[in-house]
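The following exercises ask the reader to work through a model step by step, with a worked solution after each task. Please look at the sequence and the coordinates before reading the solutions.

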Amino acid sequence: MSVNITFMIIMGALYACGIYLLLERSLTRVVLGLTMLTNATNILLLSTGGFQGLAPLFSAEIAAEDYNDPLPQAFILTSIVISFSVTAFMLGIIYRSWVLSRQDEVQDDVEDRRVASQSSFDAEDDADVPEDTTEFTPPEEAEEAPGSLRATGQSTSPEAKE
């Protein structure tokens, strides 16, 4: 299988621009980024199909290697449907955001600003871990615990019950 370099360059440019647009705060740019990512993925799936071949309709006179693989085409159709639904959902979010606040940009809320102002040191995560981290009672302490069978001299073994 040979790779078409033009497809790869276009796919790389679409992925790069799509990821850049996804990192923006404007929801319209996020939708454009998602559209670019899905188109790049469609080109990737198209390139996995290999060379152009005959339609995948069976005929006894045609050799098997002359057929085109229909699976990437089915994946592309599925990708188109999914990207259409995600785009419609995002457009609904954009419309609702515009109706409510007359802006297209996602703002930081109070909690985001509070978390961003904190230092990166976390006392619980960055503390020294003790060597023994078990939550179970050690056997020597368990014998003296009130209510235990060993403290009263009883045993749970079947030989001791006979």
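Throughout, a residue is called buried under 20% relative accessible area, exposed over 50%, and partly exposed in between, with a 1.4 Å probe and only protein chains considered. The model is predicted, so that local features need pLDDT of at least 70 and side-chain atom pairs count only at pLDDT 80 or more, while totals for chains, interfaces and linings use all residues. Residues are numbered from 1 along each chain as its sequence is written, and side-chain values use heavy atoms, with hydrogens and water left out.

**Exercise 1. Describe the overall fold and the confidence of the model.**

Step one is to list the secondary structure, taking helices (H or I, at least four residues) and strands (E, at least two) as DSSP runs numbered from the N terminus. The protein has 7 helices and 0 strands, and its pattern along the sequence is accordingly α-α-α-α-α-α-α.

Step two concerns burial and surface: buried residues make up 16% of the 162 residues, and the protein exposes about 13,100 Å², of which carbon and sulfur atoms supply 61%. These areas come from the Shrake-Rupley method with a 1.4 Å probe, and for residues only the protein chains shown count as cover.

Step three turns to pLDDT, the predictor's confidence in each residue from 0 to 100. The protein averages 79, and 72% of the residues score at least 70; among its elements, helix H1 (residues 5-22) has the highest mean, 93, and helix H7 (residues 158-161) the lowest, 52. Where pLDDT is low, the predicted coordinates should not be read in detail.

**Exercise 2. Check the lengths of H2 and H3, and find what covers their buried residues.**

Step one is to apply the expected span, which is 1.5 Å times one less than the number of residues in the helix. For the 21 residues of H2 the expected span is 30 Å, in agreement with end C-alpha atoms that are 30 Å apart. For the 31 residues of helix H3 (residues 71-101) the expected span is 45 Å, and the end C-alpha atoms are likewise 45 Å apart.

Step two is to identify the buried positions. In H2 they are Leu27, Val30, Val31, Gly33, Leu37, Ala40, Asn42, Ile43, Leu45 and Ser47, whereas in H3 they are Pro72, Ile76, Ser79, Ser83, Met90, Ile94 and Ser97.

Step three is to ask what lies against them, where contact means heavy atoms within 4.5 Å. The buried residues of H2 pack against H1 and H3, and the cover of the buried residues of H3 includes helix H2 (27-47). A single residue illustrates this: serine 79, in helix H3, is buried at a relative accessible area of 14% and touches Thr38 and Asn42, not counting residues up to four places away in sequence.

**Exercise 3. Compare the recorded transmembrane regions with the model.**

The UniProt record, an unreviewed entry, places the feature "transmembrane region" at residues 6-23, 30-54 and 74-95; such annotations may be inferred rather than shown by experiment, and their positions are given in the numbering used here. Over residues 6-23 the chain is 94% helix and 0% strand, with end C-alpha atoms 26 Å apart. Over residues 74-95 the chain is 100% helix and 0% strand, with end C-alpha atoms 32 Å apart.

**Exercise 4. Locate the salt bridges and state how exposed their partners are.**

A salt bridge is a side-chain nitrogen of Lys or Arg within 4 Å of a carboxyl oxygen of Asp or Glu, and by this rule the count comes to 2. One of them joins glutamate 24 and arginine 29 at 3.4 Å, N to O; glutamate 24 is partly exposed at 25%, as is arginine 29 at 43%. Another joins glutamate 111 and arginine 114, whose closest N and O atoms are 2.5 Å apart, and both residues lie in helix H4 (residues 110-117), 3 residues apart, about one turn of the helix. An α-helix has 3.6 residues a turn, so residues three or four places apart point the same way.

**Exercise 5. Examine the loops on either side of H3.**

Before H3, proline 70 lies in the loop between H2 and H3 and counts as partly exposed at 38% relative accessibility. The C-alpha atoms of proline 70 and glycine 49, 21 residues apart along the chain, are separated by 7.7 Å.

Just after H3, arginine 102 takes a positive phi of about 55 degrees, although it is not a glycine. Most residues other than glycine have a negative phi. Arginine 102 is found in the loop between H3 and H4, where it counts as exposed at 56% relative accessibility.
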